[in-house]
Amino acid sequence: MTNRPLPGAAPPPGPSAQPASRESGPDGARPGTTAPPAPRRGGAGPAKSASPAPVRTAARPGRRGGGGRKSPLARGGWTPWLYLAPALVVIGGLLVYPVYQLGLISFLEYTQAQVSGGEPATFQGFGNYATLFGDPQFWQVLLATVLFAGACVVSTLAVGCALAVLLTRVRAVPRLALMLAALGAWATPAVTGSTVWLLLFDPDFGPVNRILGLGDHSWTYGRYSAFALVLLEVVWCSFPFVMVTVYAGIRAVPAEVLEAASLDGASQWRIWRSVLAPMLRPILVVVTIQSVIWDFKVFTQIYVMTGGGGIAGQNLVLNVYAYQKAFASSQYSLGSAIGVVMLLILLAVTLVYLRLIRRQGEEL
């Protein structure tokens, strides 16, 4: 006879069931333990543990949704532009407006008739440029200008850098005398300097011909000798800028670096090529670009020393060529077109040079 449970009583525990402890919670689990996850309705296997929810981090201040940086205007406001406004206005009046007028006239038919008001100016488009590029003399003058400017830049940099190194090797009194003499050449006006050089190389009264025993040799008669004479004058009035700038850069180089190179047995040329030149590269970039701009647009020295371009225009450069077209021939539109071509060439040379420097990882 089996014992049946009374109605309403709990069924007896099975063989695998364990009695609940007093310390267990209301669901039968002990404190500190995790209850097993409930089985999924549609699956027969054990339930997979839920992946933790992704933690969202707060966005950094100063960054927008795409993580982009703030613009300089947003960081600094309008204060820097307020300080720069007077200089920008002056530059706009002295540079931007003349360049605009130069480009505008280069697209017009603008001769003496239009200047005097007798005829209206007519739009020519690129006709002036087509006339200019179709002139063989323009290409000859352009080639002469490039070669002459390149020789002037190389010579100016060589003389200026050599004298800058010399300033670091001499004592205080010779250094002061050399710097005063260089600054005197730098401060001399181009017209005055050109006239003095003409007197020095004068075939009749110049001391250079007497010292060299050349008699009445004319330096401005031949094409190459005239260009060489102008080159000497350009270098004479341009090297002080390179010398002072490079000398300031050399003085900023730590003395321990130069002393270590000397102890390793490096010569002065090796120290310059392997130590100073790489460290002074940003300064050399600045003086090179300045020299290219100045020497490419030389006007006063050529005009004064060769009498407006030499015999039959053999010593013409682009600046003098533009002056002859604009004022001697009253073709102001052609002269403006030459000026625009010069501006574009200088911009292209400067941008290419800066790009090459940036590719080498230099900070300017």
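**Notes on the predicted model**

1. Let me start with one residue: Leu104 lies in helix 2. This is a predicted model, so please read the points below in that light. At a relative accessibility of 35%, Leu104 counts as partly exposed. Its partner in space is worth a look on your screen: Leu104 and Phe123 sit 19 residues apart in sequence, with 9.5 Å from C-alpha to C-alpha.

2. Now the overall picture. The protein chain has 15 helices and two strands. Of its 364 residues, 27% count as buried. About 24500 Å² of the protein chain is exposed, and 64% of that area is supplied by carbon and sulfur atoms. Taking the contacts between residues at least 6 apart in sequence, 65% join residues at least 24 apart.

3. Next, the nonpolar interior. The largest nonpolar core has 35 residues, and those with the most contacts inside it are Leu132, Phe138, Phe148, Ile302, Leu318, Tyr321 and Ile338. Two or more residues each come from helix 4 (127-133), helix 5 (136-167), helix 9 (223-251), helix 13, helix 14 (318-328) and helix 15 (332-359). Which of these helices gives the largest share of the core? Helix 15 does, with seven residues.

4. Leu318 is a good place to inspect that core. Leaving aside residues up to four places away in sequence, Leu318 touches Phe138, Val141, Leu142, Thr145, Phe296, Ile338 and Met342. There is also a second, separate core of 23 residues, and Leu167, Ala182, Tyr247 and Ile271 are among its members.

5. Gln301 deserves a point of its own. It lies in helix 13, which covers residues 300-305. Is Gln301 buried or exposed? Gln301 has a relative accessible area of 8%, so it is buried. Its side chain makes a polar contact with the side chain of Glu233, at 3.4 Å. Beyond residues up to four places away in sequence, Gln301 touches Ala190, Ser194, Val230, Glu233, Val234, Cys237 and Thr306.

6. On to the aromatic rings, where the structure holds 22 aromatic pairs. One of them joins Tyr97 and Tyr100: the ring centres are 6.3 Å apart and the planes meet at 40°, so this pair is tilted. Both residues belong to helix 2 (residues 79-106), where they are three residues apart, about one turn of the helix. Tyr97 and Tyr100 are both exposed.

7. Set beside that pair, take Tyr303 and Tyr323, whose rings are edge-to-face, with 5.4 Å centre to centre and 80° between the planes. This pair links distant parts of the chain, as Tyr303 is in helix 13 and Tyr323 is in helix 14, 20 residues apart. How exposed are the two tyrosines? Tyr303 has a relative accessible area of 34% and is therefore partly exposed; Tyr323, with 33%, is partly exposed too.

8. Two last aromatic features are worth checking. Phe107, Phe123, Phe126, Tyr129, Phe133, Phe138 and Trp139 form one aromatic cluster. The cluster includes Phe123, the residue paired with Leu104 in the C-alpha distance of the opening point. It also includes Phe138, which was listed above among the residues with the most contacts inside the largest core. Elsewhere, Arg223 lies over the face of Tyr224, at 5.9 Å from the ring centre.

Technical notes
Residues numbered from 1 in each chain as written. Predicted model: local features only at pLDDT ≥ 70, side-chain atom pairs only at ≥ 80, totals over all residues. Heavy atoms only, no water. Helix = DSSP H or I, 4+ residues; strand = E, 2+ residues; numbered from the N terminus. Buried < 20%, exposed > 50% of the residue type's maximum accessible area, 1.4 Å probe, protein only. Contact = heavy atoms within 4.5 Å. Areas by Shrake-Rupley, 256 points an atom, 1.4 Å probe, with all protein chains shown as cover. Polar contact = N/O pair within 3.5 Å; in protein donor to acceptor, adjacent residues only side chain to side chain. Core = buried A, V, L, I, M, F, W, Y, C linked by side-chain atoms within 4.5 Å. Phe/Tyr/Trp six-rings, centres within 6.5 Å; stacked < 30°, edge-to-face > 60°. Lys NZ or Arg CZ within 6 Å of the ring centre and 35° of its normal.
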